[in-house]
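Work through the exercises below with the coordinates open. Each task is followed by a solution in steps.

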Amino acid sequence: MPTPTPPRPERELELTLARKEPLADGVVRLTLTHPRSEPLPSWEPGAHLDVLLSDALVRQYSLCGDPGDRSELNVAVLREKNGRGGSAHVHDVLAEGGTVRVRGPRNHFRLVDSPRYLFIAGGIGITPILPMIAEAARRGADWHLVYGGRTRASMAFADQLVRDHPQRVALRPEDETGLLDLDALLGTPQRDTQVYCCGPAGLLDAVEQRCAGGWPAGALHVERFTPKAQEPAAGPAAGDGAAEAFDVEIASTGQTLTVPPDRSVLEVLEDAGLPVLSSCREGTCGTCETGVLDGIPEHHDSLLTEAERAEGDVMFVCVSRAASKRLVLDL
Ligand code: FES
């Protein structure tokens, strides 16, 4: 059997933490630069960076700076009270002048062309929205942002946003104005408006629910950093919901591997010496995206839109399975 080709390596960069500064209650901004002042990777609004805090601690943070400035990358990180250690590491361990390893940027939250945009941000979910706003303004689009947070002091970039765009930005600190009025915002579907939302899972679920009531398919774009509750899978192999075994074929070698019910495709690939890059391993970060050349994937990720799911040409192998007996993967 031929030796498998290692799948697409992704370049890791060792950057310098040039600045670490408080932005709001519990939020710090990191400014990363190249140690030899080389240009940094290009990116588009909505992109995120993998930050490799240690070998076992990789986190995704949205880029919130200026895509036109290749001299630095900026992320803002909220200290999560009940987090799993990533944000605490950023806040407590990373120090100015130190080295930070990153991968990417990668983008599953792209700004599509539209004459009008409604941006809805909750808390630290403002970070990917910031460069989107700048891009929407650059394109001459009509846009509005509704930005909610616990308190005004906890809302990063709030003052700057209101100062720069007083007519377009509505701040909604919960302790002053209560929860976002989503019925008022989304109750009347708009045919020419794209809705972009990033924030806590509860906000995203509520926005999805409102947009399901008459908004055009594909009008809503969300970015999740925790897995979405999965609905029962549909498809010929979904059966009563219990996972079934299926085969995956590696297109470059013809090697066929069986994925048992209790293992993920990613784990089976790794066991076979085909280490696909991965990070979250829960279908939210997009790192393990893999092309599907044949067969029907059964999607369990929190990334793809309904239209992308229906296309069936990519899958996230950390969580997604097969709705057919066999998949051919573009590896
Ligand atoms: S590893 Fe994050 S989506 Fe698969």
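**Exercise 1. Strand 7 and its neighbours**

Task: determine how many residues of strand 7 are buried, and describe how strand 7 pairs with strand 8.

Solution. The model is a predicted one.
- Step 1. Six of the seven residues in strand 7 are buried, so the rest of the structure largely encloses this strand.
- Step 2. Strand 7 and strand 8 run parallel and are joined by seven bridges. One position to check is R116, which stands opposite D142 in strand 8.
- Step 3. Follow the chain from strand 7 to strand 8: it passes through helix 2 (residues 126-138), and the β-α-β crossover is right-handed.
- Step 4. Strand 7 (residues 116-122) also pairs with strand 10, in the parallel sense, over six bridges. Y117 has Q194 of strand 10 as its bridge partner, and F119 has Y196.

**Exercise 2. Strand 10**

Task: find which residues of strand 10 lie on each side, and state whether they are buried or exposed.

Solution.
- Step 1. In a regular strand, side chains alternate between the two faces of the sheet.
- Step 2. One side of strand 10 holds T193, V195 and C197, and the other holds Q194, Y196 and C198.
- Step 3. The cut-off for buried is under 20% relative accessible area. The residues named on both sides are all buried, and both faces of strand 10 are covered. The count for strand 10 (residues 193-198) is six buried out of six.
- Step 4. Strand 10 pairs with strand 11 (residues 220-223) over four bridges, in the parallel sense. Within strand 11, E223 stands opposite C198.
- Step 5. Together with helix 6 (residues 201-211), strands 10 and 11 make a right-handed β-α-β unit.

**Exercise 3. Backbone geometry**

Task: examine the phi values of S37 and F157, then omega between G104 and P105.

Solution.
- Step 1. S37 is not a glycine, yet its phi is positive, about 60°. S37 belongs to the loop between strand 2 (27-33) and strand 3 (48-54).
- Step 2. The relative accessibility of S37 is 68%, so S37 counts as exposed.
- Step 3. F157, also a residue other than glycine, has a positive phi near 70°. The loop that holds F157 runs between strand 8 (142-149) and helix 3 (158-164).
- Step 4. F157 has a relative accessible area of 8% and is therefore buried.
- Step 5. G104 and P105 are joined by a cis peptide bond, with omega about 0°. P105 is part of strand 6 (residues 99-106).

**Exercise 4. Surroundings of three side chains**

Task: describe the accessibility of T290, R309 and S87, with a contact or contacts for each.

Solution.
- Step 1. T290 sits in strand 14 (residues 289-294) and is buried because its relative accessibility is 2%. A polar atom of the T290 side chain lies 2.8 Å from the backbone oxygen of C288.
- Step 2. R309 is in helix 8 (residues 306-311). At 22% relative accessibility, R309 counts as partly exposed. The R309 side chain reaches the backbone oxygen of D301 at 2.7 Å.
- Step 3. R309 and I296 are 13 residues apart in sequence, with their C-alpha atoms 9.9 Å apart.
- Step 4. S87, in helix 1 (residues 86-92), has 8% relative accessibility and so counts as buried. Leaving out residues up to four places away in sequence, S87 touches Y61, V77, L78, R79 and E80.

**Exercise 5. The whole chain**

Task: decide how the radius of gyration of the chain agrees with that of a compact globule.

Solution.
- Step 1. For 331 residues, a compact globule would have a radius of gyration near 20 Å; the chain has 21 Å, so the two agree.
- Step 2. Along the principal axes, the C-alpha atoms fill a box of roughly 65 × 50 × 35 Å.
- Step 3. Eight helices and 18 strands make up the secondary structure of the chain.
- Step 4. Of the 331 residues, 49% are buried. The exposed area is about 15,800 Å², and carbon and sulfur atoms supply 48% of that area.
- Step 5. Take the contacts between residues at least 6 apart in sequence: 66% of these join residues at least 24 apart.

Note on methods: Residues numbered from 1 in each chain as written. Predicted model: local features only at pLDDT ≥ 70, side-chain atom pairs only at ≥ 80, totals over all residues. Heavy atoms only, no water. Buried < 20%, exposed > 50% of the residue type's maximum accessible area, 1.4 Å probe, protein only. Helix = DSSP H or I, 4+ residues; strand = E, 2+ residues; numbered from the N terminus. Pairing = 2+ DSSP bridges. Right-handed = clockwise from strand over helix to strand, strands pointing away. Polar contact = N/O pair within 3.5 Å; in protein donor to acceptor, adjacent residues only side chain to side chain. Rg over C-alpha atoms; globule rule 2.2 N^0.38 Å. Contact = heavy atoms within 4.5 Å. Areas by Shrake-Rupley, 256 points an atom, 1.4 Å probe, with all protein chains shown as cover.
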